[in-house]
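Here are some notes for a first look at this entry. Please read them with the structure open beside you.

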Amino acid sequence: MEKTLRGDRALLRRVAALCGIEPRYEDGWGQRHDVNEETLEALLAALGYPAQSPNDLLDVLDDLCERACGAVVDPVQVVSEGIHPVVVGLTVPESLAYGRYRWHLRREDGSEAQGEGFLSAVSSVEDRGFLGKPCLRRLLYLWEPVACGYHDLEVHLHGPRGEVTARQRLIIVPRRAYLPEALRGDGKVWGITGQLYSVRSARNWGIGSFSDLNTLIDWAADLGASYVGINPLCLLFPEDPSKVSPYGPSSRRYLQPWYIDVEAVPEFAECEEVRRWCGQRDFQEACRAARDSSLVDYGRVWALQREALQRLFQHFCEHHLRRGSERARSFQGFVGQGGQDLEDYGVFHALDAHFRRINAAVWGWTLWPKAYQDKTSTAVRRFALEHRDAVTLHQYVAWIAREQLAACGHRSWERGLAVGIYGDLPVGVDPAGLDTWLDPHVYALNVRLGAPPDAFNPVGQEWGVCPMVPQRLRDEAYEPFVAMVRANMREFGALRIDHVMGLMRQFWIPAGKDARFGAYVRYPLEDLLGIVLLESERNQCLIVGEDLGTVPQRIREAMAERGLFGCRLCLFERSEDGSFPSPHDYPLYSMVSFATHDLPTLEGFWQGTDLRLRRRLQLYPSPQVRKGLARRRVADKKALRVLLRSWGHQEEPLCMSKERAAKEHCRAHSRAAALYRYLAACGSKLLAVSLEDLSGMTEQVNVPGTVHEHPNWRRKLPFPMKTLQNHPRVRAIVSAVAEHRP
């Protein structure tokens with residue numbers, strides 16, 4: 001019995017490895033862990049392969065054999081430009097081995113090429129097939145020139161015993177990512193980064209808006225900066241404003257509507273009724289309270305915005321749609337371009353609002369009645385017809401958001417920002433959100449992404465988002481991935497890819513388990529990276545890969561080969577003796593910053609705010625870890641003092657006079673200026689200066705390991721933009737940066 005059990009385990013591990021599940025992982029201490037059988041079974045099921053018995057596993061092997069040897073051509077092939085000829089592998093049925101072939105290539109630009117011949121004359125390649133199953137392989141050479149882009153290849157095989165037609169999406173990609181002119185050669189630039197929701201202004205309704213982004217763009221241009229970086233703007237859950245993390249989106253292809261500046265919508269200027277409503281005392285008091293709050297009150301803000309947008313939509317219907325105005329034609333063009341996906345977007349949100357009105361506990365489509373979980377069902381189609389105005393309202397809001405972001409993109413180009421807007425792409429999506437409803441078969445809904453255990457997170461991290469399934473992406477010729485990447489480059493001059501290691505492997509955790517029970521699942525790095533390069537070149541969008549933490553060497557090599565920028569945090573960079581490295585030690589193709597949104601700000605680090613917060617929230621796994629980090633902070637501050645002295649900051653002792661507070665502010669400004677003088681001198685082509693550091697914030701944006709215990713993704717900047725622009729701390733930092741990056 002034990003022998004049989006061991007055999008089944010060996011078969012399970014072999015099948016899992018063939019499906020791309022790595023049998024072990026390394027934790028934050030460098031210790032290796034074997035993945036247990038329960039996890040392997042759960043992840044195989046998430047990949048679409050039941051694995052409850054030996055017979056199930058044998059069926060999986062049969063399916064893998066069929067995939068490897070049953071298709072004439074792969075559904076998709078990604079090839080780097082300059083490879084000539086393009087080689088297409090054919091798997092030829094034995095019955096057609098001596099037949100004829102004919103191929104037809106339809107290029108993206110509409111031009112065509114074709115050829116034909118005898119299969120017996122085509123080059124063969126020795127292949128024992130998958131798991132020893134014999135396969136007849138032929139190599140078809142396409143000598144016709146094929147430029148970068150998305151092309152369609154058809155292959156027809158003819159013989160006395162039948163005929164087979166196969167199709168392949170042929171994607172030709174550049175060898176390197178786009179690089180703006182200002183960064184070529186010895187070029188180095190700097191930019192301002194921050195959280196758009198945190199921006200204060202006299203104009204907004206309690207949350208930073210697209211109009212505030214325009215203000216940031218103008219300010220950055222006036223200062224000589226080359227880009228403005230912002231948090232992900234991806235669609236969250238308009239019906240549930242408590243879900244505020246920009247890294248847990250409902251969709252990575254659409255925009256979150258609460259960034260809309262309602263007063264900048266053209267219909268607002270036309271509609272006296274809406275302006276009168278906004279002028280009422282109750283509205284003004286609610287808006288003032290939301291604006292004055294130190295934290296974004298998403299529920300209050302969105303309630304005001306939603307009511308206003310609904311009123312503007314009614315005006316739009318009466319004065320534009322029904323009259324066929326030019327603005328109506330622009331909206332209809334947006335809807336037409338969005339196609340079925342935009343139709344489904346409107347239906348999804350109308351359904352979401354409908355079911356939440358019935359029961360507020362229904363927080364996602366997976367809890368809707370079964371008939372509405374399938375977007376193609378009769379019930380969904382009937383609902384869309386019966387609630388056409390609600391569907392169109394959501395499409396209208398999506399249009400307004402895209403219009404306003406596009407205006408920001410144009411503004412960045414008009415003002416001459418060398419890079420433009422620097423966006424951010426999350427690694428996954430909420431399993432109950434729009435993207436998973438649109439393409440449920442593409443996502444592993446019973447899996448959550450995360451990271452293995454480390455010193456801060458003894459049970460690892462579970463991020464609450466689900467991944468795309470690699471094989472299903474290939475079956476779809478990577479179209480969902482292409483659409484997602486393209487949507488996030490459209491208005492941006494640079495894009496940060498969160499957890500860039502996800503292009504190669506992602507840490508999958510069965511839903512309901514912690515990260516100790518996870519495993520890495522492999523992804524087709526060369527294919528996905530190639531698509532990123534193609535969209536980068538087409539959209540003239542620089543790529544920054546978030547490569548912090550434990551990163552496979554292959555990722556770093558691929559990034560260097562393909563011209564992607566890495567991330568370097570001053571907070572973590574150290575020489576062997578614990579000192580901060582020379583500026584020249586920072587790699588050229590990197591973005592240097594003091595920290596990230598998940599780490600303390602400069603002032604928070606200096607004052608130990610983050611350490612006290614973690615202690616208060618009981619986030620330390622043990623007293624030993626807490627004491628160790630406190631000792632390390634003392635050493636880090638000592639090393640930082642040494643660094644800052646050499647960059648113009650003198651740490652003089654404070655007297656006990658009543659002017660102590662003012663002097664401490666001046667000292668803090670000098671300390672920040674010296675730090676950013678050092679960072680500006682670094683070898684990195686990109687420097688990020690955070691709004692949090694410019695304003696002297698002590699509280700960090702997000703505290704990993706917390707949800708409700710800390711106001712993550714809610715804290716506003718301490719000053720309005722108008723005050724910040726003239727603040728002495730800002731002048732000191734910008735002046736220091738300009739010494740090395742004018």
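1. Start with strand E3, residues 76-80. Five of its five residues are buried, so the strand is largely enclosed by the rest of the structure. Keep in mind that this is a predicted model.

2. Look next at the side chains of E3. Val76, Val78 and Ser80 point one way, while Gln77 and Val79 point the other way. All of them are buried. This fits a general pattern: in a regular strand, side chains alternate between the two faces of the sheet.

3. Which strand pairs with E3, and in what sense? The partner is E10, residues 162-173, and the pairing is parallel, over five bridges. To find the place, take Gln77: its bridge partner in E10 is Leu170.

4. Now the cysteines. A disulfide is a covalent bond between the sulfur atoms of two cysteines. How many disulfides does the model have? The count is zero. The cut-off is 2.5 Å between the sulfur atoms. Two cysteines serve as examples. For Cys271, the closest cysteine sulfur is in Cys278, 9.2 Å away, which is too far for a bond. For Cys408, the closest is in Cys234, at 15 Å, again too far. Both examples are buried: Cys271 has a relative accessible area of 6%, and Cys408 has a relative accessibility of 0%.

5. Turn to helix H10, residues 378-386. Its buried residues are Ala379, Val380, Phe383 and Ala384. Why do they line one face of the helix? Seen down the axis of H10, they fall within an arc of 135 degrees, so they share one face. The general rule behind such faces is that an α-helix has 3.6 residues a turn, so residues three or four places apart point the same way.

6. Check both sides of H10. The face turned away from the buried side carries the exposed residues Leu385 and Glu386. The cover over the buried residues includes helix H9 (326-358), helix H11 (388-414) and helix H12 (434-438).

7. Finally, the nonpolar cores. The largest has 191 residues. Leu44, Tyr396, Trp437 and Trp508 have the most contacts inside it. Apart from this core lies another, of 23 residues, among them Val72, Leu105, Leu119 and Leu153.

8. Trp437 deserves its own look. Leaving aside neighbours within four places in sequence, its contacts include Asp344, Val347, Phe348, Leu351, Trp365 and Trp368. Val380 is also one of its contacts, and Val380 is among the buried residues of H10.

Terms used. Residues numbered from 1 in each chain as written. Predicted model: local features only at pLDDT ≥ 70, side-chain atom pairs only at ≥ 80, totals over all residues. Heavy atoms only, no water. Buried < 20%, exposed > 50% of the residue type's maximum accessible area, 1.4 Å probe, protein only. Helix = DSSP H or I, 4+ residues; strand = E, 2+ residues; numbered from the N terminus. Pairing = 2+ DSSP bridges. Arc of directions from axis to C-beta. Contact = heavy atoms within 4.5 Å. Core = buried A, V, L, I, M, F, W, Y, C linked by side-chain atoms within 4.5 Å.
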